[in-house]
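Visitor: I am new to this structure and would be grateful for a close look at a single part of it. Please start with one sheet and the elements around it, and then relate it to other parts.

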Amino acid sequence: MLVQDYLDKHMLARRIEDAVNAAVRAKTPDPLLFISNHMRKSVQSVITKVKARRILDGRGVPTVEVELFTNKGVFRASAPAAAASGLYEAIESQDGDKGPYSGNNVAKSVRSINEKVSEALVGMDPALQSQIDQVLLDLDKTERKGELGANAILAVSIAACKAGAAEKEVPLFKHVADLSGTTNVSLPVPTFTVISGGKQARNSLAFQEIMVLPVGAKTFEEALQMGSDLYHQLEAVISEKYGSHGCNVSEVGGFAPNVSSIREGLDLVNEAVRRKGLKEEIRIAINVAATEFCIGTKYDIAFKNSDESGKIFKSAGDLIELYKELCNDYPIVSIEDPFDKEDWEHTEYFSKLQMTQVAGGDLLMSNSKHIEKAIQESTCNALLLKINQVGTVSEAIEAVKLAKDARWGVIISHGSGETEDTFIADLSVGLATGQIKAGAPCGGERLCKYNQLLRIEEELGDQANYTGQEWRTS
């Protein structure tokens, strides 16, 4: 084929002329670089390959990482994990055999992506998020994503979202905002885990987490500084009372002193707040995770103490009275899963007291049908969204829309098995959720989310809006 014929066939002469004219108009000092970039942008991005591998999460447990290739770049994402909490969340696929990693291997999910998903997505435009997610759902064909596994589907969906942002040449949070129709993005208030209990820690505390919210900060950068300062001050307070062994940390970074009650833990946090002079700036949240110690209709708050377990039971009514007292005595603004995940009646009753935000985590499992039901019945007033419980970016966006339309609070949450992927930081900004829960201000797989929020705030510059006191109404 002659050179002229080749140019004519691919209309290169016209494209080169357009690029040269653009370079002249731009008065670029480096015309070759400008023309090269201009030509590259003129080509539509398409997915050329999807490759998966097994990596380890923050607990040392296997999860799925994906690299999505387009003709313009490579985009990486990994799936967070969490302990399964119910029958209605998406299923994380693990091999379950007696092979490597004690049955937690993800070889099946990796194989599914490399052999099935990759072929199905080749040629698709990565900017078409909903279409990509629908292909993934059609490949799986199960309600809970049990065929491919939510971990496999989610990693691909996030990688596609990153590729879509790159194709549009916008930041990831802006792409998420465009996908969701969010017009005003905002930096969320971080909910830092500072004391851990429940099944996350080897102490006697039944409740799973005590967290702090720097609602009085003026910027996210200041909020992160407050969280870090308070965390290290709390370490000193705990060390003074319980010795250095009391400063052991849980899998999400919270300290795990052997406190005997929730009040004892809250008093430690209050003392750290007092010493740092942050009484006006800091509020407290509790994750009860009550399902973990519910037996029938009673709650064994001594379930972690072998000498007292089975002897100290509380009814749902007893817990309501306890929560009332705690909300009166401490600056508590949010309680997550105050009752068993099947106890919608008492959750609704407590929520209607309007003493605090009542967040549904195990209760809702990020399931849209459960969210709709809870909205209709006024069961709770906030959604704790874990993207691994949903499975795709599109479904996560729809779940948040449901909650925000109902004027609920929304907390974008990490999983206990986190990776270095920072997607939930961009998700929280792009959806303007107002709240993000990513663990303690320590540990690489936790801090990377908070550090990404710092970068986003810097990128937004004068347009950056830290939610602060408006964390519930963003």
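Guide: What follows begins with one sheet, moves to a helix beside it, and then turns to further strands, a second helix and one residue. This is a predicted model, in which local features need pLDDT of at least 70 and side-chain atom pairs count only at pLDDT 80 or more, while totals for chains, interfaces and linings use all residues. Residues are numbered from 1 along each chain as its sequence is written, and side-chain values use heavy atoms, with hydrogens and water left out.

The starting point is an open sheet of three strands, ordered E1-E2-E3 and paired in the antiparallel sense. At its edges stand E1 and strand E3 (73-78), each of which pairs on one side only. From one strand to the next, the twist averages 20°. Helices (H or I, at least four residues) and strands (E, at least two) are DSSP runs, numbered from the N terminus. Two strands count as paired if DSSP finds at least two bridges between them. Strands of a sheet pair through backbone hydrogen bonds, either parallel or antiparallel.

Nine bridges connect E1 with strand E2 (residues 62-70). Lys49 stands opposite Phe69 in E2. The hairpin of E1 and E2 has five residues between the strands, and Gly60 takes a positive phi near 80° there. On the other pairing, E2 and E3 are antiparallel over six bridges, and Val66 has Ala77 in E3 as its bridge partner. Helix H4 packs on this sheet, where it touches E1 and E2, and its direction makes about 165° with that of E1. Axes here are lines fitted to C-alpha atoms, for helices over the stretch in contact, and angles run from 0 to 180 degrees between N-to-C directions. Contact means heavy atoms within 4.5 Å.

E1 and H4 also lead to helix H5 (residues 129-140). This helix has twelve residues and reaches 17 Å from its first C-alpha to its last, close to the 16 Å expected at 1.5 Å a residue; the expected span is 1.5 Å times one less than the number of residues. Gln129, Ile132, Asp133, Leu136 and Asp140 are buried in H5. Because these residues cover an arc of only 95° around the axis, they lie on the same side of H5. The arc is that of the directions from the helix axis to the C-beta atoms. Buried means under 20% relative accessible area, exposed over 50%, and partly exposed in between, with a 1.4 Å probe and protein chains only. An α-helix has 3.6 residues a turn, so residues three or four places apart point the same way. The buried residues of H5 pack against strand E1 (47-56), helix H4 (107-121), helix H6 (150-168), helix H7 (172-180) and helix H14 (393-405). After H5 comes Lys141, whose phi is positive, near 65°.

Another set of strands is centred here on strand E6 (residues 209-213). Five of its five residues are buried, so E6 is largely enclosed by the rest of the structure. In a regular strand the side chains alternate between the two faces of the sheet. In E6, Glu209, Met211 and Leu213 point one way, while Ile210 and Val212 point the other way, and all are buried. Strand E5 (residues 192-196) pairs with E6 in the antiparallel sense over four bridges, one bridge partnership being that of Phe192 with Val212 in E6. E6 also runs antiparallel to strand E7 (residues 283-287), to which five bridges join it; there, Leu213 has Arg283 in E7 as its bridge partner.

E5 and E6 have a helical neighbour, H8 (residues 220-242). Its 23 residues reach 32 Å from the first C-alpha to the last, close to the 33 Å expected at 1.5 Å a residue. Its buried residues include Phe220, Leu224, Tyr231 and Tyr242. The buried residues of H8 pack against strand E4 (189-190), E5, E6, helix H9 (262-276) and helix H16 (444-460). Just after H8, Gly243 takes a positive phi of about 85°.

Finally, Gln435 lies in strand E15 (residues 434-437). Gln435 counts as buried because its relative accessibility is 1%. Setting aside residues up to four places away in sequence, its contacts include Pro188, Val189, Trp471 and Arg472. The side chains of Gln435 and Gln357 are joined by a polar contact of 3.0 Å. A polar contact is a pair of N or O atoms within 3.5 Å; within protein, one must be able to donate a hydrogen and the other to accept it, and residues adjacent in sequence count only if both atoms are side-chain atoms.
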